[in-house]
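Me: I should be grateful for a close look at one part of this structure, set in the context of the whole.

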Amino acid sequence: MISVSHLTKRYGGHVAVDDVSFDVGKGEVVGFVGPNGAGKSTTLRIVAGFLGPTGGRVKVDGHDVVNDSFEARRRIGYMPENVPLYPEMRVVEYLRFRAELKRVARAARAAWVDDAMDKAGVLAVAHRRIAHLSRGYRQRVGLADAIVARPPIVVLDEPTAGLDPNQVREARALIRELGREHTVVVSTHILSEVEACATRVLLLHRGRLVAQGPMDEIRAMRAGTALDVVVRGPRDVLEAALLRVAGVARVSREGTDAAAPVRVHFARTLSGPEREEATERCVAALVGAGGGVREVRPARSSLEEVFSVLTHEPAPGEVDA
Amino acid sequence: MRAFWPIFKRELFAFFVTPLAWVLIVVFLIVQGMHFFLLVDHFSRATDVSGDETPLSAFFGNTVLLYLVLLMLVPAMTMRLFAEERRSGTIESLMTAPVSSAAVVLAKYAAVLTTYVAMWAPTVLYLVILGRTGALDWRAAASAYLGVLSVGAGYLGLGLCASALTRSQFLAMLWTALVLLALFILGIGEFVTREGTTMHAVCAHVSVWAHMNDFASGVVDSRHLVFYGTLTVLPLFVATRAVDAWRWG
């Protein structure tokens with residue numbers, strides 16, 4: 001449905017998006033993940049037809065976003081970051097305006113607007129002014145706007161930003177729901193956010209696509225970089241034993257009390273199976289040093305750490321790279 | 001162009017649902033009402049009324065009030081058109097809908113021009129009052145309103161263009177006011193420069209004062225119409241190109 005090849009966007013001397021290529025198939029729910037400033041919004045804006053690319057091609061359902069922008073835009077329901085809305089309008093007025101703008105036939109307009117409001121859960125506030133809505137409801141109005149013309153593709157830029165945990169859960173459920181009828185592209189800077197709803201993830205870092213794959217692979221990447229071990233015994237001895245294990249780069253302690261787990265960081269050069277072997281050696285070393293191993297679990301590394309693995313750059317706060 | 005109608009409706013709605021349009025219209029009508037009162041008062045006292053000076057021609061031409069009011073009102077009316085949408089980000093939703101830049105520019109322009117016409121509409125009452133108490137040349141009145149429409153169309157075009165060129169409403173207002181003031185001052189040059197010089201010809205050609213005097217006395221000069229037509233079309237064209245250009249910024 002979306003095909004992006006060698007997309008580049010420059011602002012003056014600054015390269016915001018650098019040679020990014022990916023495809024999104026029909027019915028997929030794709031998560032676009034990266035830290036702030038990675039080029040997510042810029043890429044989505046180009047796909048949605050708001051910005052023009054400096055280089056490369058973007059096709060939406062076969063229509064080029066530059067040469068055939070009109071048809072491309074008709075096929076996308078786009079929710080911009082921060083959900084800009086007209087504050088002086090009432091929700092239903094705004095959605096009727098958007099539906100007319102997106103060429104929903106007059107006869108179908110009222111029904112489609114009601115349908116979109118129902119799906120996004122804003123029927124209760126249909127006659128309230130947008131200026132008086134809470135952040136969560138504004139977000140939902142933006143969602144209703146994105147789906148009101150029933151486009152085959154829905155593009156949502158940071159749909160969960162600024163929401164409280166309950167609202168985030170609801171938003172995720174909504175996005176999952178959207179995935180049944182639409183091809184969905186969602187961006188976020190929090191990896192766990194897309195875990196719940198995306199089938200595939202694209203990782204963007206400094207304007208480059210550093211990894212893409214099904215959610216499971218990315219999850220494995222997160223899980224594999226470190227190990228949390230709860231162990232009884234003299235700390236100094238045990239940590240020294242761990243550091244002698246091949247494949248262990250560094251040992252740190254989470255918290256100060258005796259029950260706090262020890263975090264074992266593996267060397268970044270290790271592959272998945274090698275990490276599993278290293279895990280076995282760690283446990284053997286701990287037992288050998290007289291420690292009582294009570295719990296061993298893979299540590300979920302932060303998105304920054306995943307990126308540092310992928311880009312072979314030190315993560316922030318890491319000294320022994 | 002199918003996007004024209006919804007955007008036009010929304011713009012008008014945005015104008016009249018916020019206090020801005022009402023404040024502007026009230027200020028405008030108070031100033032024009034006082035102006036009209038003073039004129040009628042003046043003419044009713046005058047003992048010898050020369051043939052070519054009528055309340056009608058004095059209301060629309062030969063007065064600095066009309067331009068002063070336009071100088072203040074037009075920038076305030078046009079400043080928000082694009083600048084506000086760019087600041088708040090709604091321009092992103094607007095331009096990612098299947099709309100053409102030309103439709104967006106024309107719809108916004110038509111909306112502000114409609115507001116301008118609505119602002120002037122109550123002044124027709126003054127003419128009705130004049131017509132009841134004495135003879136009124138309705139054809140001259142029509143010509144005067146044509147002048148008001150032409151000048152307004154040109155000024156609003158410039159204002160819309162300024163709003164498309166900056167993100168700040170304040171700058172849009174300032175630029176519009178400065179350009180209109182410059183045009184006005186250049187027109188004043190008609191009275192300062194010597195007749196026969198190029199400068200005089202240029203000043204006379206752009207002088208809104210001279211234009212409105214002609215219109216108010218029933219003279220429809222095609223040069224004036226072409227001048228204001230250009231003043232409308234050119235800024236709208238530049239604004240359309242500016243809207244296209246944001247994409248590549």
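The request and a connected reply follow.

Me: Please examine B:Val31 closely: in which helix does B:Val31 lie, and which residues does it touch, not counting those up to four places away in sequence? Please then describe chain B around it, and chain A alongside.

Reply: This is a predicted model, in which local features need pLDDT of at least 70, side-chain atom pairs count only at pLDDT 80 or more, and totals for chains, interfaces and linings use all residues. Residues are numbered from 1 along each chain as its sequence is written, chains are lettered from A and ligands numbered from 1 in the order in which they are written, and side-chain values use heavy atoms, with hydrogens and water left out.

B:Val31 belongs to helix α2 of chain B, which covers residues 19-45. Helices here are DSSP runs of H or I with at least four residues, strands are runs of E with at least two, and both are numbered from the N terminus. With residues up to four places away in sequence set aside, B:Val31 touches B:Leu65 and B:Val69; a contact means heavy atoms within 4.5 Å. B:Val31 counts as partly exposed because its relative accessibility is 24%. On this scale buried means under 20% relative accessible area, exposed means over 50%, and partly exposed lies in between, with a 1.4 Å probe and protein chains only. B:Ala210 is 179 residues from B:Val31 along the chain, and their C-alpha atoms are separated by 22 Å.

The surrounding chain B contains 13 helices and 0 strands. Its 249 residues would give a radius of gyration near 18 Å in a compact globule, and the value of 19 Å for chain B agrees with this. That radius is taken over C-alpha atoms, and the globule rule is 2.2 Å times the number of residues to the power 0.38. Along the principal axes, the C-alpha atoms of chain B fill a box of roughly 65 × 45 × 30 Å. Buried residues make up 52% of the chain, and one of them is B:Cys203, which counts as buried because its relative accessibility is 1%. Among contacts in chain B with a separation of 6 or more, 76% join residues 24 or more positions apart.

The accessible surface of chain B is about 11400 Å², and 71% of it belongs to carbon and sulfur atoms; such areas come from the Shrake-Rupley method with a 1.4 Å probe, and for residues only the protein chains shown count as cover. Chain B carries 15 positive and 14 negative charges, whose mean positions are 14 Å apart. Lys and Arg count as positive and Asp and Glu as negative, without His and the chain ends; each charge is placed at NZ of Lys, CZ of Arg, CG of Asp or CD of Glu.

Chain A has 11 helices and 14 strands. Of its 321 residues, 52% count as buried, including A:Cys282 at 1% relative accessibility. Chain A exposes about 14000 Å², of which carbon and sulfur atoms supply 50%. The mean positions of its 45 positive and 41 negative charges are 5 Å apart.

Two residues of chain A deserve mention for their backbone angles. A:Asp19, in strand β2 (residues 14-24), has a positive phi of about 55° although it is not a glycine. A:Arg150, in the loop between α5 (135-147) and β7 (153-157), has a positive phi near 50° and is likewise a residue other than glycine.
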